[in-house]
Amino acid sequence: MKQETASSSHQSIHGLKPDCLSFSEVLAQSFAVIAPTTIPASNIGLIVALSGNGTWLSFLIGLVGLLFVSININQFASRSASPGSLYSYITKGLGPTAGVICGWSLVLAYLFTGMSVLCGFSNFTGMLIGHLGIHPSSITLLAIGAGISWYAAYKDIQLSAVAMLWLEGASLVLISVLCIIIWAHKGFALDLSQLTLSGVTPGNIATGLVLVMFGFSGFESATSLGDEAKKPLRTIPRAVMGSVILAGLFFICTTYIEVMAFSGTGVSITNSEEPLTFLSQQAGVGFLGELVALGALFSFFACILGSINPAARVAFLMARHGLFHASLGNAHAANRTPHVAVTMCSFLTFLIPAVMSLFDIKLFESMGYLGAMCSYGFLTVYILISIAAPVYLHKIRKLQTRDVVFAVVAVAFMMIPVVGSVGIPGSTMFPAPEAPYNYFPYLFLLYIVSTCGWFTLKRQRSPHLVAGMRKGIEDIHARFADRNSH
């Protein structure tokens, strides 16, 4: 009883709908932002262009690295929960400045994921209905995708979660069946050029890891459902780790089969925007390819929705701590959702791709650019949480040697895509990426410096700001302290 009271009082303070999401619905949130369907159905060519025959290895390294990151996240997630996701964890471990860097990085990462996938949704929709002779403008398609996602996120988190669960689940089953058929069509052949990493350099693997991180990004987004999940200290850690393992195995298997199946067809996978549709026709099951394309369309939509939900909840808690305009910290009286933050995030998710479209940047290209940008937000957060975990454990006198090892290994893995995205001057192994990808790390750095400068000014004007942040996060942790003493 005592534990339930602690949980209930915690959940009611933010005004969000309490104790409504089961484990499968929480897992659906993480899976929706990862959107595993979209990689084999659409984006895989972007990653193969960077990693070549080593693409499967880039995914394997990403899987191992993010498993260590998830262990560090779960040091916090198993002890407390809130809508603030990793922002509240890092503030607890490393203090307010690191927390603000994390908060701004998360908001950028989730929003840019939403934008990238909205471009994918619009591009895919345009191609599908183009076969029917209907050719709406890019901006119309962007507005439709953002508008429907806004309505679902505004209305009800449970509706959002159930929709995401079914949409993503059906797509994953379809793609798995299709990939087995494609491999069977090739006589279950082994692809030695992939297994021996023919023509692959460490630089290829490292550069590809930037988009691989985009592929996995959002696996931690279940942590933003701390108020709404049932038994959050159990369901959220399981969802965080489970989503990494399931998505990683799915990516490695589908990538291997697709790269192998494209060899000898005379068509390059790097130029294919609908690779599974092409391969299904080659295998004589074109109708399955059409079904997968439809499933991918729903998966894109689930990911837009899945990105708006955590972005809005992080902004919601930061607003409650005085970091954003107070209105963003309001919860809808009837829907119990952060409706103002949801509306702002949905509008921004539409605005930037729409502006890029006005400048005649193709949707497929925009998807790659925005995806690369969001990766830096996630990488920053994953590195910070891996440093924060042992510091936090030391503070509460629970630190063990293995915790330090997990943190060091996680940071080391996350540094591989960082080095790959910047390059080492004069190195043939790690050359600088081609334009415009070579500018993105510096644009992100400029964003972080600007937001830190803004926080410093705000701190000087409001001396009680940091104390309020600390108190808000201490209150959240205190509500769960009872639970952990048992």
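Let us begin with the enclosed spaces inside this predicted model. There are 2 cavities of 30 Å³ or more, and the largest of them holds about 60 Å³ of space. Four helices give two or more residues to the lining of this largest cavity: helix 2 (23–34), helix 3 (38–51), helix 6 (96–130) and helix 10 (202–216). Helix 3 provides the largest share, with 3 residues. If you would like to find the spot, look for the lining residues, among them Val33, Ile34, Thr38, Ile39, Asn43, Val117, Phe214 and Cys303. By class, the lining of the largest cavity has 7 nonpolar residues, 4 polar ones and no charged ones.

The second largest cavity has a volume of about 30 Å³. Its lining consists of Asn43, Leu46, Ile47, Leu211 and Phe214. You have already met Asn43 and Phe214, which also line the largest cavity. Helix 3 and helix 10 each bring at least two residues to the lining of the second largest cavity, and helix 3 has the largest share here too, with 3 residues. Of these lining residues, 4 are nonpolar, 1 is polar and none is charged.

Now turn to the pockets. The largest pocket contains about 600 Å³ of space. It is lined by 27 residues, and those closest to its centre are Leu46, Ala49, Leu50, Glu434 and Tyr437. Leu46 is a familiar name, as it also lines the second largest cavity. Helix 3, helix 10 and helix 15 (363–395) are the elements that give two or more residues to the lining of the largest pocket. This time the largest share, 5 residues, comes from helix 10. The lining includes charged residues: its classes are 14 nonpolar, 9 polar and 4 charged.

The second largest pocket has a volume of about 310 Å³. Of its 15 lining residues, Tyr376, Thr380, Val418, Phe444 and Leu445 are the closest to the centre. Helix 15, helix 16 (401–422) and helix 17 (440–461) each supply at least two residues of this lining. The lining of the second largest pocket is made up of 13 nonpolar and 2 polar residues, with no charged ones.

From the spaces, we can move to the packed interior. In soluble globular proteins, nonpolar side chains tend to be buried together. Here the largest nonpolar core has 145 residues, and the members that touch the most others are Phe59, Leu66, Val69, Tyr87 and Phe219. Phe219 is a good place to look at the packing. Leaving aside residues up to four places away in sequence, Phe219 touches Ser30, Ile34, Leu66, Val69, Ser70, Ile73, Val240, Ser243, Val244 and Tyr382. Two of these contacts, Leu66 and Val69, are themselves listed among the core members that touch the most others, while Ile34 is one of the residues lining the largest cavity.

Helix 12 (residues 275–282) is also mostly covered, with 6 of its 8 residues buried. The buried ones are Pro275, Leu276, Thr277, Phe278, Leu279 and Ser280. After helix 12 comes Gly284, which has a positive phi near 80 degrees.

What about the cysteines? A disulfide is a covalent bond between the sulfur atoms of two cysteines. The count for this model is 0 disulfides. Cys102 has no such bond because the closest cysteine sulfur, in Cys452, is 12 Å away, too far for a bond. Cys345 is in no disulfide either, and the nearest cysteine sulfur to its own, that of Cys303, is 14 Å away. Cys102 counts as buried, at 0% relative accessibility, and Cys345 is likewise buried at 0%.

Finally, follow the loops that link some of the later helices. In the loop between helix 14 (339–358) and helix 15 sits Asp360, which has a positive phi of about 60 degrees although it is not a glycine. Asp360 is exposed, with a relative accessible area of 70%. Arg397 lies in the loop between helix 15 and helix 16. Its phi is also positive, near 60 degrees, and Arg397 is not a glycine. At 77% relative accessibility, Arg397 counts as exposed. Last comes Pro436, in the loop between helix 16 and helix 17. A cis peptide bond joins Ala435 to Pro436, with omega about 0 degrees.

Technical notes: Residues numbered from 1 in each chain as written. Heavy atoms only, no water. 1 Å grid on protein atoms, 1.4 Å probe; cavity = no way out; pocket = protein on both sides within 12 Å on 5 of 7 lines; lining within 4 Å. Points joined across faces, edges and corners; volume = space filled by probe spheres on them. Nonpolar A, V, L, I, M, F, W, Y, C, P; charged D, E, K, R; others polar. Disulfide = S-S within 2.5 Å. Buried < 20%, exposed > 50% of the residue type's maximum accessible area, 1.4 Å probe, protein only. Core = buried A, V, L, I, M, F, W, Y, C linked by side-chain atoms within 4.5 Å. Contact = heavy atoms within 4.5 Å.
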